[in-house]
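I opened my notebook today to look at how two chains sit together. Come along and check each entry against the picture.

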2 protein chains.
Amino acid sequence: MTRFTQFTVTALALVAPAFASCDYGTHLYPREHTVPVSTFGYNDLIGPLNWYSLNKTANELCATGQHQSPIVLDSSIATAHGDSISFTVDSYPFGAEFENLGSTVEVPVNGTLKAGGKDYKLAQFHFHTPSEHRIDSEYHPMEIHFVFSTPDKSTAVVSFLVDLGVPNLLLSSVFQNINEIATPGETTLTGPLLFAALENHLKSNAIFTYSGSLTTPPCTEGVDWYISAQPLQIDTATYGKVKDVIKFNARYTQNKLGGVNLLQNIANELK
Amino acid sequence: MTRFTQFTVTALALVAPAFASCDYGTHLYPREHTVPVSTFGYNDLIGPLNWYSLNKTANELCATGQHQSPIVLDSSIATAHGDSISFTVDSYPFGAEFENLGSTVEVPVNGTLKAGGKDYKLAQFHFHTPSEHRIDSEYHPMEIHFVFSTPDKSTAVVSFLVDLGVPNLLLSSVFQNINEIATPGETTLTGPLLFAALENHLKSNAIFTYSGSLTTPPCTEGVDWYISAQPLQIDTATYGKVKDVIKFNARYTQNKLGGVNLLQNIANELK
């Protein structure tokens, strides 16, 4: 999961009229902002095992937190029915901005979540490949995170795992121009985005729910996770296109909730 | 990579006549041995971040070694032409034993490798999903390790990355009965195994070469790696079947060769 792009959402609102004009998809309109490229990554000394050292104050929980995400989802994790939460995302019939942050590719969009007695607003959705959460130890080729927050800074993530199979209309449209943002910092437009089928998918299946963390620095805890237990499907060609751009961006699974942080553990063991 | 199954190869030789008889694939012949199920895994406290603690003497290098595998393969890693080594695997026209070790699925087979001035003998090949090595940071859905050793205990691994695409005759045949070994400890037979196309693939492309380690406990170093730079392809349906059984079994990528071990590093940083 990445930082919130509230400023990006604002910038998007400013340029939105151009999206609906004849400039749609032409890249002729001026960009109102630049996309900040992440300083963390998934390899070597900028990878997950060293996020703490990148900023020991801000990222302390990455190495010491005991409710860290992602985790293995099994019978020890609570489930509920998807219709116990209300998840809606605005339509973008002319597409939305699509950004390469280096650590992921992200689409800033508006939407709402009512869950656990709280009202959240959507900031963005983004992608991990392979999946970060595993169901009964099995990973999936992709995972999508819709990141929500409340005015008092509570965070919730609605997550979908993605398997290989039939094409998914929404995902095909999201990724139609991904080749145009192969370099971190680049932006383009998605195709038309309509979320009714995705909202129905969530509503029609069980969801895993638990309190965990952001899966990227600063690994903040107290994040409420709502993960559809039924994976979506995507076609293999689209998956390949996405993987070419994102490459590997999944944090390793963390210890069981409440157990010692796996990095704190190895530090204790090696001393 | 897993432990050598020299005893299994021996056992296979004992039952080999049955493989060529009308009992082929029928499970009617008696098993000569049981398959030892791995005590390490890829989740929680038996996962890669805690392999050291599972046996601090045997597995010390997992947390302190500075030439650990897998790594990111990029322009800093030496390449050679595949025809600079000689890789041959015996044919098994009636199939070979196929074992679920818990940590991977493995086929004990005979073969030879001449590389770096040494003559090696093949012990087995096995699978990781997703891939352990990444080329220019990109992972692949699968990786195959052919594990060789010399009488004086030198180890070499010939590795193939696997992308999604067209069916691969050899891999389709290897995996034809994988549903019969869904539980760790179970064994079955592969379909017919003929390696000429694989040998030619290795010979016809560049290979990455470096000195690293076993990617599983005890993480022994001094292992010579020979990794084909050109991925094979496998069809999506077969990949799904394999992933259902193996689930996730890739160690996270290690630090650059000669750099501090990422676990030693976090221990140093957290104290």
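**Entry 1: one threonine.** Is Thr253(A) buried or exposed? I kept in mind that this is a predicted model. I looked up the relative accessible area of Thr253(A) and got 4%. Buried means under 20%, so Thr253(A) counts as buried.

Next I asked where Thr253(A) lies along the chain. I found Thr253(A) in the loop between H6 and H7 of chain A. Then I listed what Thr253(A) touches, leaving out residues up to four places away in sequence. From chain A, I noted Pro70(A), Ile71(A), Val72(A), Glu132(A), Arg134(A) and Leu262(A). From chain B, I noted Tyr42(B) and Asn43(B). With Arg134(A), the side chain of Thr253(A) also makes a polar contact of 3.5 Å.

**Entry 2: the interface.** Two of those neighbours belong to chain B, a good cue to look at where the chains meet. How many residues of chain A are in contact with chain B? I counted 42 residues of chain A, against 42 residues of chain B.

The size of an interface is often given as the accessible area lost when the parts come together. Here I got about 3900 Å² buried between chain A and chain B, with 56% of it on carbon and sulfur atoms. On the chain A side, Asp44(A), Leu49(A) and Tyr139(A) lose the most area to chain B, and together they make up 19% of what that side buries.

**Entry 3: charges and polar pairs.** I found 6 salt bridges between chain A and chain B. I zoomed in on one of them: the side chains of Glu138(A) and Lys243(B) meet at 3.1 Å, N to O. I also noted 23 residue pairs in polar contact between the chains, both residues at pLDDT 80 or more.

Which elements of chain A give two or more residues to this side? My list has helices H2, H3, H6 and H7, plus strand S10. H7(A) gives the largest share, 8 residues. By class, I wrote down 18 nonpolar, 13 polar and 11 charged residues for the chain A side.

**Entry 4: the symmetry.** I laid chain A on chain B with a turn of 180° and a shift of 0.0 Å along the axis, and the RMSD came out at 0.0 Å. That is the relation of a two-fold axis. In chain A, Ala267(A) has the C-alpha nearest the axis, 2.0 Å from it.

Why do I say the copies meet through the same surface? Because 100% of the interface residues of chain A are also interface residues in chain B.

Terms used:
Residues are numbered from 1 along each chain as its sequence is written. Chains are lettered from A and ligands numbered from 1 in the order in which they are written. This is a predicted model: local features need pLDDT of at least 70, side-chain atom pairs count only at pLDDT 80 or more; totals for chains, interfaces and linings use all residues. Side-chain values use heavy atoms; hydrogens and water are left out. Contact means heavy atoms within 4.5 Å. Buried area is the accessible area (1.4 Å probe) that two parts lose on being put together, summed over both. A salt bridge is a side-chain nitrogen of Lys or Arg within 4 Å of a carboxyl oxygen of Asp or Glu. A polar contact is a pair of N or O atoms within 3.5 Å; within protein, one must be able to donate a hydrogen and the other to accept it, and residues adjacent in sequence count only if both atoms are side-chain atoms. Helices (H or I, at least four residues) and strands (E, at least two) are DSSP runs, numbered from the N terminus. Ala, Val, Leu, Ile, Met, Phe, Trp, Tyr, Cys and Pro count as nonpolar, Asp, Glu, Lys and Arg as charged, and the others, Gly among them, as polar. Copies are superposed by least squares on the C-alpha atoms of residues with pLDDT of at least 70 in both. Buried means under 20% relative accessible area, exposed over 50%, partly exposed in between (1.4 Å probe, protein chains only).
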